[in-house]
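Thanks for coming. I'll put the structure up and then talk through a few parts of it in order.

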Amino acid sequence: MSQGALSIVADIYIPLITLMIVIELTLTNKLLTNNQHLLKFRLLLLTGSLASAFGLMAIDNIFQLWASLGLDYSTHSAVALGLVLLLCLLKPTVYIYYLVSLLLYFWLMVLLRYHTALDILSTVLIILPLKLGVFSFAKTKR
């Protein structure tokens with residue numbers, strides 16, 4: 001596969017995962033019309049997950065934490081991780097496919113030299129506890 005085709009695959013990954021979440025939320029909402037709390041809970045998870053990814057990006061832009069270590073904060077990794085975790089929650093029966101797709105996306109970013117493996121790993125190790133915290137907080141508000 002050519003470099004251009006791989007770039008297109010990388011560029012459509014996050015929008016595709018987002019579309020899958022929207023479809024799942026829409027289908028779930030139609031099936032559970034009486035359960036508005038479930039929809040609000042899931043939207044809270046989505047919002048909190050995205051806010052943690054972009055919030056950490058803003059903090060890194062101000063303090064240059066990753067740059068001070070010779071690394072680059074991977075916003076794409078942080079967003080993709082949050083979206084995939086939410087998708088795993090929405091469709092737990094096929095979570096393994098979503099996780100494999102995320103790992104392949106990470107590998108593709110390294111292959112295309114968008115980020116190094118250490119950029120992605122450091123981002124995931126820092127953002128994962130934040131995302132799990134968001135999920136835990138949202139669950140207590142449910």
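Start with serine 122, which sits in helix 6. Keep in mind throughout that this model is predicted. Is serine 122 buried or exposed? The relative accessibility of serine 122 is 15%. The cut-off for buried is under 20%, so serine 122 counts as buried. What does serine 122 touch, once we set aside the neighbours within four places in sequence? Serine 122 is in contact with Trp66 and Leu71.

Next, the core. The largest nonpolar core has 40 residues. Which of them touch the most other members? Those are Tyr13, Ile21 and Tyr105. Five helices each give two or more residues to this core: helix 1, residues 3–31, helix 2, residues 36–63, helix 4, residues 75–90, helix 5, residues 95–111, and helix 6, residues 117–141. Helix 4 supplies the largest share of the core, with 11 residues.

Look at isoleucine 21 again. Leaving out neighbours within four places in sequence, isoleucine 21 is in contact with Leu83, Leu86, Leu87 and Leu90.

Now the packing of helix 4, beginning with helix 5. The axes of these two, helix 4 and helix 5, come within 9 Å and cross at roughly 170 degrees. Angles over 145 degrees count as roughly antiparallel, and helix 4 and helix 5 are therefore roughly antiparallel to each other. On the helix 4 side, the contact is made by His76, Ser77, Ala80, Leu81, Val84, Leu87 and Cys88. On the helix 5 side, Tyr95, Tyr98, Leu99, Leu102, Tyr105, Phe106 and Met109 take part. How many of the residues in the contact of helix 4 with helix 5 are charged? There are no charged residues there, with 12 nonpolar and 2 polar.

Then the pairing with helix 2. Helix 2 and helix 4 pack at about 165 degrees, and their axes are 9 Å apart. That angle makes helix 2 roughly antiparallel to helix 4. The crossing of helix 2 past helix 4 is right-handed. From helix 2, the contact uses Arg42, Leu45, Leu46, Ser49, Leu50, Ala53, Phe54 and Met57. From helix 4, the residues are Thr75, Ala78, Val79, Gly82, Leu83, Leu86, Leu89 and Leu90. By class, the contact of helix 2 with helix 4 has 12 nonpolar, 3 polar and 1 charged residues.

To close, go back to helix 4 on the screen: helix 4 gives the largest share of the core, and helix 4 is roughly antiparallel to helix 5 and to helix 2.

Definitions and conventions:
Residues are numbered from 1 along each chain as its sequence is written. This is a predicted model: local features need pLDDT of at least 70, side-chain atom pairs count only at pLDDT 80 or more; totals for chains, interfaces and linings use all residues. Side-chain values use heavy atoms; hydrogens and water are left out. A nonpolar core is a set of buried Ala, Val, Leu, Ile, Met, Phe, Trp, Tyr and Cys residues joined through side-chain atoms within 4.5 Å. Buried means under 20% relative accessible area, exposed over 50%, partly exposed in between (1.4 Å probe, protein chains only). Helices (H or I, at least four residues) and strands (E, at least two) are DSSP runs, numbered from the N terminus. Contact means heavy atoms within 4.5 Å. Axes are lines fitted to C-alpha atoms, for helices over the stretch in contact, and angles run from 0 to 180 degrees between N-to-C directions. Angles under 35 degrees count as roughly parallel, over 145 as roughly antiparallel, 65 to 115 as roughly perpendicular and the rest as oblique. Ala, Val, Leu, Ile, Met, Phe, Trp, Tyr, Cys and Pro count as nonpolar, Asp, Glu, Lys and Arg as charged, and the others, Gly among them, as polar. A crossing is left-handed if the near helix is turned anticlockwise from the far one by less than a right angle, and right-handed if clockwise.
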